[in-house]
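Visitor: I've just opened this one and I'm new to it. Walk me through it, please.

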Amino acid sequence: MNPCSPGLWKRAARKLLRCLRLSASAAPIPIRAIDAGSIEAERIATLQPEERRRAAEAVAAGIEFLLPTRELDAILPGADRAEVCMLPRHIRSHGWAMPEHELLTLGAIIRLTNPRFVVEFGTFQGGSTLVMAANMDAGGRIVTIDLDPSQHASHEHGLGTGFETFDLGSLFRGTRFEPMIEQRWSNTLDVADGDLLGKADLVFVDADHTYPFAKRDTAKALTLVRPGGWIVWHDYTWLPENRECAGVTRAVNEFFQRHGECFHIARTRFAIHHVASTVAVTRADGVAEDACGRT
Ligand SMILES: C[S@@+](CC[C@H](N)C(=O)[O-])C[C@H]1O[C@@H](n2cnc3c(N)ncnc32)[C@H](O)[C@@H]1O
């Protein structure tokens, strides 16, 4: 059995919480203190220490990971052989930037889904923007949205007011991919998106990770993506020090319960959704609705 399967994850998480409560300290977790020798105890033992910690934290925070976990290659066959372009400047230099294995995964998603037009929420230094642009075909275009730097100090976000400022998009600047990228400075919630509605082949959501923002960004992503397109979220899973990302977990869980067809990508923090490409139907109340429940 896949040690990352959602059923196992949830069972493991509940048991780990019990273990943690039994134990004065989290390490080592006394797996054998309960149900010693049971099949579940053996399976829990197969989880990596980081997965154990994350599972226990998630359950403690009342959050469950509802999405089925899949290898990227099972979602997008051929992804494990994709030839992905990354640049030396992608080597991680800040905690908000993605580690290299996730950049590689995002590049593979782009290679396999082959979008011509991408919208990104959360530019930061532009590492994710750059890896997406570098793996799109010539003629591809990205609109990446982040807060106006002049508002960083006063911005009211999910955890309080203001954050350090940084050079938005510095990683793609000066590369041959820069002309493919348009930067917009705006709160994702207020962005002028009239020209983006229903146009994106892929929307990448990685801005404010607290629940109210993640929920609204998710709803907005659904208005921007075209039928048959893709939505990708970062930080569906997270480390204990980034508990605010539980907001993403909750928002994506709710999206999954309504729309289905969402997966957590194994060994990454990504979640991915393939939007149905079907025609609208009319509900009993007369309101037109597409296969995703959008009216
Ligand atoms: C985790 S970083 C994005 C990392 C980037 N995708 C990467 O992989 O390098 C989150 C970004 O979202 C931006 N952000 C946070 N809240 C936002 C909002 N309400 N609207 C627009 N951008 C926001 C922050 O300024 C920050 O640059």
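**A first look around**

Visitor: Let's start with Gln151. Why does it count as partly exposed?

Guide: Gln151 counts as partly exposed because it has 14 C-beta neighbours inside 10 Å. A residue is buried with 20 or more other C-beta atoms within 10 Å of its own, exposed with 12 or fewer, and partly exposed in between, with C-beta atoms placed from the backbone. This is a predicted model, where local features need pLDDT of at least 70 and side-chain atom pairs count only at pLDDT 80 or more, while totals for chains, interfaces and linings use all residues. Numbering runs from 1 along each chain as its sequence is written.

Visitor: Where is Gln151, then?

Guide: Gln151 is in the loop between strand 3 and strand 4 (156-157). Helices (H or I, at least four residues) and strands (E, at least two) are DSSP runs numbered from the N terminus. Ser186 lies 35 residues away from Gln151 in sequence, and their C-alpha atoms are 9.4 Å apart.

Visitor: Zooming out, how many helices and strands are in the protein?

Guide: The protein has eight helices and 12 strands. Of its 295 residues, 40% are buried.

Visitor: How are the strands in the open sheet ordered?

Guide: The open sheet has eight strands in the order 1-9-10-8-7-2-3-6, with mixed pairing. Two strands pair if DSSP finds at least two bridges between them. Strand 1 (69-70) and strand 6 (181-185) are the edge strands, each pairing on one side only. Strand 8 (residues 225-233) pairs with strand 10 (residues 271-274) in the antiparallel sense, over four bridges. Trp230 stands opposite His274 of strand 10.

Visitor: And which strands does helix 6 touch?

Guide: Helix 6 packs on the sheet against strand 2 (117-121), strand 3, strand 6 and strand 7 (200-205). Contact means C-beta atoms, placed from the backbone, within 7 Å. Eight of the eight residues of helix 6 are buried, including Ser128 and Ala133. Helix 5 (100-113) is among the elements that cover them.

Visitor: Ala133, huh. What about the largest nonpolar core, which members touch the most others?

Guide: That core has 60 residues, and Ala133 and Val203 touch the most other members. A nonpolar core is a set of buried Ala, Val, Leu, Ile, Met, Phe, Trp, Tyr and Cys residues joined through C-beta atoms within 7 Å. Setting aside neighbours within four places in sequence, Val203 is in contact with Val119, Ala221, Leu224, Val225 and Ile231.

Visitor: New topic: which residues come nearest to the ligand?

Guide: There are 20 residues around the ligand, and Gly122, Phe124, Ser128, Ala207 and Asp208 come nearest. Near means that the C-beta atom, placed from the backbone, lies within 6 Å. Helix 6 (127-134) and strand 3 (141-146) each supply at least two residues of that shell.

Visitor: Tell me about Phe124. Where does it sit, and what is its phi?

Guide: Phe124 lies in the loop between strand 2 and helix 6. Its phi is near 50°, a positive value in a residue other than glycine. Most residues other than glycine have a negative phi. Phe124 counts as buried because it has 22 C-beta neighbours inside 10 Å.

Visitor: What about the phi of Glu261?

Guide: Glu261 has a positive phi too, about 55°, although it is not a glycine. Glu261 is in the loop between helix 8 and strand 9, and counts as partly exposed because it has 13 C-beta neighbours inside 10 Å.

Definitions and conventions: Contact = placed C-beta atoms within 7 Å. Axes fitted to C-alpha atoms, helices over the stretch in contact; angles between N-to-C directions.
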